Every structure is written in C-alpha cells, then in structure tokens.
Amino acid sequence: MSSVPFTRTAEAPRAYAKVSLQVQSSKDLPEEEPINLNIPDNYVQWVLKNQKERPPITWQTLWGELNYLSLSILTIPPAMAIWGICNVNLHWETAMWGVIYYFVTGLGITAGYHRLWAHRSYNASKPLQYALAMAGAGAVEGSIKWWSRGHRAHHRYTDTDLDPYDANKGFWWSHVGWMLVKPRRKPGVADVSDLSKSAVVKWQHRWYLYLILGMGFVFPTAVAGLGWGDWAGGFFYAATARLVFVHHSTFCVNSLAHWLGETPFDDKHTPRDHMITAFITNGEGYHNFHHQFPMDYRNAIKWYQYDPTKWFIWVCSVLGLASHLKMFPDNEVKKGQLTMQLKRLKETQDHLQFAPDHNDLPVISWDSFREQAQKRALVIIAGFIHDVSSLIDEHPGGRHLILKYVGKDATTAFFGGVYNHSNAAHNLLSMKRVGVLHGGVQHGLDDKNIPPAQRLRVARYSELLSSSGSASSTACSDVDEETLLG
Ligand SMILES: [Zn+2]
Ligand SMILES: [Zn+2]
C-alpha cells in the first residue's frame, strides 16, 4: 500500500503564495510547517475544480489501473489461509494463540494507529508506543504515518471525493476497492507534521518492512512452533488467517461503520453506530459518535457497550503507561443526542394533526353562542366553543352527559367536576374546537386550554421567533367573524 505524497505547490493557488511567505517569516513557526497551514479558504472546492481525477476504469484500462502491491497483500494471504485450512490440522493451542494475536494486532491498529497516532486521543509512554507500533505492524496495514495521513483526510473530508475511502462510492469501494486500484485523486491535505517528529513513528517507518515480516509472520509462527511444536499451524492460522481477519476487521470501520446502524449524534454524514460493527472491529463500531468527537479516547460511551480498545487504553492509564485520556464534555455530547432526538420527534409531530390555532378561530359572543347552540351541539370548555355533535353517540359516559351541557359551559364538569377526563379525551375534544368565546379564555388556565399533546412542542428557532412576534395580535379579534361559525 503505497502512499501518495501531497505537494502543496501543486495544489495551492498562486494567489495565496504571498500570504504563505508572510507567515513563514513569523518567529512563532514550529520547526516543520504544517502542510495545511496556508491552504485557501475554498480549498475543497478549489481542488475538486482544478485537480483532475483519474479517468473512470474500464475493462480495457483495468490492468494498468490496479495497485499490484495492495492487490497482492489482499489476495495472497487469503489464498494461503484457505489452503492451510484445507491441508493443515488446527491444534487448540494454535487456535487460542491465533485469537489472542488477532486482538493484539487489532489493538495495535485501534488503540495505536487510530486513537493514539491518527487522533492523539491520549498520551502513551515510550514502552507502550513501541509495543503498539510493533503490534500495529503485525496487522500489515501500512506504516503509522501513511495510515494516519489517510485517516485524517477521511475525517476532514468525510463523504467527499477528497476522502480516500469515501463511503458514498459504495460499500465495497470503502471496504477494499480504494486500495485495489490507483487512487482516483489525491486524498485531501491533512497535516501529520506531529507524527514526523515522533521518534517511534520514524523508527517504525524506517524498519517497516522488517517489522511486518517479523510481527506479521515470524513471531506468530515462532510462538506456536517453539511453544507446542506447531510450526505449520502457527504460520497458516496464527499468522496468515489471523492477518486476513485483522485486515477485514479494520476495513469494516470504513465500510460497515458507514453503512449499518443509527445516527444518534448527527445525521449529516454517513458514519453510524452499531453493536455488530463494534464486535467486528474491537469497539470501533460507534462510528457516529467517533466522527462527532474524534479526539475522544472512547468510541462507546456507555459502560455496557463493547469497546475493548477503550478498556485497553483505560487499563494502560491505570498501569501508568498512558495518560491524558481525552473525553469530550458530557454536556456537549448530550446536546448532540438531544438535537437528533428532537429532530425525530419533530418528524413524528409533523405527521400529526392538532387542534386549530386559536388565532384562526372566530371569536363569538355569549349570546351568539347560545343562539347557535339551538341548531347544533355546541359546548364551551376552557373558553373554547366545541362542536361535539360527532361525540354524542360515542361518549363513554353516555349521551345524556353531553346533551346536558349543550349551550352551556362544561369546563368544571369536564375537568373533574363530573369526571376527570384523560389526556386522550382532552386531545380529542380540542379537535372539535370551532370558536373562541369572547372574553372567555381565562389566564392561568393553560393546563385546561392547551391540549396535553401540545404543551410541549418541537419548533424550529425561526418558528418560535415568528410566533412570539404575532402573540400580541391574538387579543384583538372581531365579533364580526361570528358568521364564520357555522
Ligand atoms: Zn469513518
Ligand atoms: Zn477516526
């Protein structure tokens, strides 16, 4: 898996060169200038417009477009593993060792490459850093620097053409497709100058080839061979088959975690939360949370959710090997959840019918109400005039109790005087409102004149502003509107 180095001079427009020079003369500059320090404000648009994409792949051009190194790494081990499964006996010790080493190398990626180096979500001591760099090399997914550079671009340009594994290009593209062919365009710029300064990252980058051979194949084989004499099993199961599982476990973070599950924190982009993805990926399945709060050392925030990577980092901190575990303020996390909950509630609310707005109802005098109640079943409750004709025969308490109040005020009887009606009854009654009694709505009766289903309402901020502006107009209605009733 080769990297595609980003060259700023090739991508930044000339108009910004002057700004770049001025900033470079500042005394405060770090030793190595971050690669994205002087990118233009419209960088994403600019690159998408000015940087040519590779042409679409056709059957004729396929052979020239393949990335043969990645293709070999992603096809030869599975083929070897299948051959081994068919021809080599599996000893239980080797099976156990393969599973353990799957978790060791998996954590090298999740706790090391991902949460430590790509996101700096905690600080690790030197011994832990070397251990994670070696374990991560055993997963054979490229060096820390290459991997983190791509991953930072993935977070920064999620779901765009500058995201190296853009989930909008399909499940299989984000899973393996993006590695099998030459990148269609350079990933968006992402700074990794902090990693370039790290002694451990530099060390791993320098010895990477030896580390993948040693940690990917020699070490797992030798443990089984020297431990219980199973050299062949060690090679085919603990090294090769285990490698295939670790590969696809990581790839699922780019594919499955952007495809399966819920969006409890934000639905602007594709990342999703799902327990199944968490089980497959050592806890990286709470990906909606992760994309919202990428520098949080956790993916799962509830104690019962499966996130062994978080548990590992926490244990390391207890042992003094890790420190400064970053957690996003709970208040802000809850705001994200609340936003999505309100959004879903608003969708439900928008599909329901509620009582007519009192501003839209005619205001009727007492005399007019009495007169019109001669012709149809009108009842006053909490200052509203209701046409209860359709309720007479369906009233659980019997027709007589409704007919008794036609042409009268039944507020006291409805709210407990005769029967303390349920919220459902109150909501249903409100749908029968046909007018407002002039001077009839008393202050302090909110619980009576606002139906239970409308006491809490989800509204957009702009709606709240406009409704508060029109509040003063509610009082001035005209008796002339009486003719509307009926
Ligand atoms: Zn992602
Ligand atoms: Zn990430």
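**Strands, cores and a helix crossing**

Let me begin with a single pair of residues: H386 stands opposite R433 in strand 6. Please keep in mind throughout that this is a predicted model. Strand 6, residues 433-437, pairs with strand 5, residues 384-387, in the antiparallel sense, and three bridges join the two. Both belong to an open sheet of four strands, whose order is 3-6-5-4 and whose pairing is mixed. Strand 3 (363-364) and strand 4 (378-381) form the edges, and each has a single partner strand, so one side of each is left without a neighbour in the sheet.

Now to the nonpolar interior. The largest nonpolar core comprises 54 residues, and those with the most contacts inside it are W117, L132, M134, I144 and I313. Among the elements giving two or more residues to this core are helix 6 (92-118), helix 7 (126-137), helix 8 (144-156) and helix 16 (308-318), and the largest share, 11 residues, comes from helix 6. Apart from this core lies another, of 16 residues, which includes L378, V379, I381 and V436.

Returning to I144, we find that, if residues up to four places away in sequence are not counted, I144 touches Y113, W117, A133, G136, L195, V201 and Q204.

Finally, how do helix 6 and helix 16 pack? Their axes are 10 Å apart and meet at an angle of about 75°, which means that helix 6 is roughly perpendicular to helix 16. At this contact, L107, T110, A111 and R115 in helix 6 meet T309, F312 and I313 in helix 16; by class, four of the residues are nonpolar, two polar and one charged.

Definitions and conventions:
Residues are numbered from 1 along each chain as its sequence is written. Chains are lettered from A and ligands numbered from 1 in the order in which they are written. This is a predicted model: local features need pLDDT of at least 70, side-chain atom pairs count only at pLDDT 80 or more; totals for chains, interfaces and linings use all residues. A nonpolar core is a set of buried Ala, Val, Leu, Ile, Met, Phe, Trp, Tyr and Cys residues joined through C-beta atoms within 7 Å. A residue is buried if 20 or more other C-beta atoms lie within 10 Å of its own, exposed if 12 or fewer, and partly exposed in between; C-beta atoms are placed from the backbone. Two residues are in contact if their C-beta atoms, placed from the backbone, lie within 7 Å. Axes are lines fitted to C-alpha atoms, for helices over the stretch in contact, and angles run from 0 to 180 degrees between N-to-C directions. Angles under 35 degrees count as roughly parallel, over 145 as roughly antiparallel, 65 to 115 as roughly perpendicular and the rest as oblique. Ala, Val, Leu, Ile, Met, Phe, Trp, Tyr, Cys and Pro count as nonpolar, Asp, Glu, Lys and Arg as charged, and the others, Gly among them, as polar. Two strands pair if DSSP finds at least two bridges between them.
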